[in-house]
Amino acid sequence: MGLLGSRLNSFPMEGYLKLNPDDGDPLNDPTKYRRLVGRLIYLTVTRPDLVYSVQILSQFMQNPRKPHWEAALRVLRFIKGNLGQGLLFPSFNDPTLKAYCDSDWAGCETTRCSITGFCVFLENSLISWKSKKQTNVARSFAKAEYRAMAATCSKITWIRHILEDLKVPQSQPTSLFCDNQVALHIAKIAIFMNA
């Protein structure tokens, strides 16, 4: 690929970049794109900073094009400049869970589906993360955020059960942080309606 002397990037993908399945010319050899993205998917196991970019790139495995390839190379240049990044798990940690979630309303240019992102911490150690396209089109920003909260709650419930099996019970409710006030109000109403 000839990237040894290439310029380094400080972030894996531009925030304004919107890749489409029909942009640019098709690649002559799509297997090199598939191989690269497959390796990047494997790398996301320990590099949560790559999850969003790799999630975007993996949508074009069927018919990759030159802009997709260039975006994948940018991710490689970011990795090259940030080799020491990874996860740190301290030897002593307070076993309190907390989670953060967000969504990118209609973030997928092709399907208009929103993208959910969340991360779950055990005190200050990141233990779970995800960036995934929602299955349905959300009609409002609040609904997209509420779906992100619901996906995060499912993951929190699963993690709490795992921790219980490992004899690390959670004595307090898990804090879930969301930046959308309307979605938080919808969640409060749902709690009162189910009580």
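Start by selecting Tyr-100 and Cys-119: in this predicted model, Cys-119 of strand 2 is the bridge partner of Tyr-100. Now widen the selection to both strands. Strand 2 covers residues 115-122, and eight bridges hook it up to strand 1, with the two running antiparallel.

Stay on strand 1 and step one residue back, to Ala-99. Which residue of strand 4 stands opposite Ala-99? Pick Leu-176 and you have it. Strand 4 is residues 175-177, and it pairs with strand 1 in the parallel sense, over three bridges. So your view now has strand 1 with an antiparallel partner, strand 2, and a parallel partner, strand 4.

Next, show the side chains of strand 1. In a regular strand, side chains alternate between the two faces of the sheet. Here, Leu-97, Ala-99, Cys-101 and Ser-103 form the covered face. Color Lys-98, Tyr-100, Asp-102 and Asp-104 another way, and you've marked the uncovered face. The two residues you picked in strand 1 therefore split up: Ala-99 is on the covered face, Tyr-100 on the uncovered one.

Now go to the loop between helix 3 (66-81) and strand 1 (97-104), and click on Leu-87. Is Leu-87 buried or partly exposed? Its relative accessible area is 31%, so Leu-87 counts as partly exposed. Add Phe-89 and Ile-127 to the selection: together with Leu-87 they make a nonpolar surface patch of about 250 Å².

For a contrast, jump to helix 1 (residues 30-43) and select Leu-40. Leu-40 counts as buried because its relative accessibility is 3%, under the 20% cut-off. What does Leu-40 touch, leaving aside residues up to four places away in sequence? Show Val-54, Leu-57, Val-75, Leu-76 and Ile-79 to see those neighbors. Then try the distance tool from Leu-40 to Thr-174: they sit 134 residues apart in sequence and 31 Å apart in space, C-alpha to C-alpha.

Finally, zoom out to the whole chain. You'll count five helices and four strands, in the order α-α-α-β-β-β-α-β-α along the sequence. The C-alpha trace spans about 60 × 45 × 25 Å along its principal axes. Of the 195 residues, 37% are buried. Turn on contacts between residues at least 6 apart in sequence, and 71% of them join residues at least 24 apart. Last stop, the surface: the chain exposes about 12,000 Å², with carbon and sulfur atoms supplying 58% of it.

Terms used. Residues are numbered from 1 along each chain as its sequence is written. This is a predicted model: local features need pLDDT of at least 70, side-chain atom pairs count only at pLDDT 80 or more; totals for chains, interfaces and linings use all residues. Side-chain values use heavy atoms; hydrogens and water are left out. Patches are made of residues with over 30% relative accessible area and no salt bridge: like charges are joined within 9 Å, nonpolar side chains (Val, Leu, Ile, Met, Phe, Trp, Tyr) within 5 Å. Accessible areas come from the Shrake-Rupley method with a 1.4 Å probe; for residues, only the protein chains shown count as cover. A salt bridge is a side-chain nitrogen of Lys or Arg within 4 Å of a carboxyl oxygen of Asp or Glu. Buried means under 20% relative accessible area, exposed over 50%, partly exposed in between (1.4 Å probe, protein chains only). Two strands pair if DSSP finds at least two bridges between them. Contact means heavy atoms within 4.5 Å.
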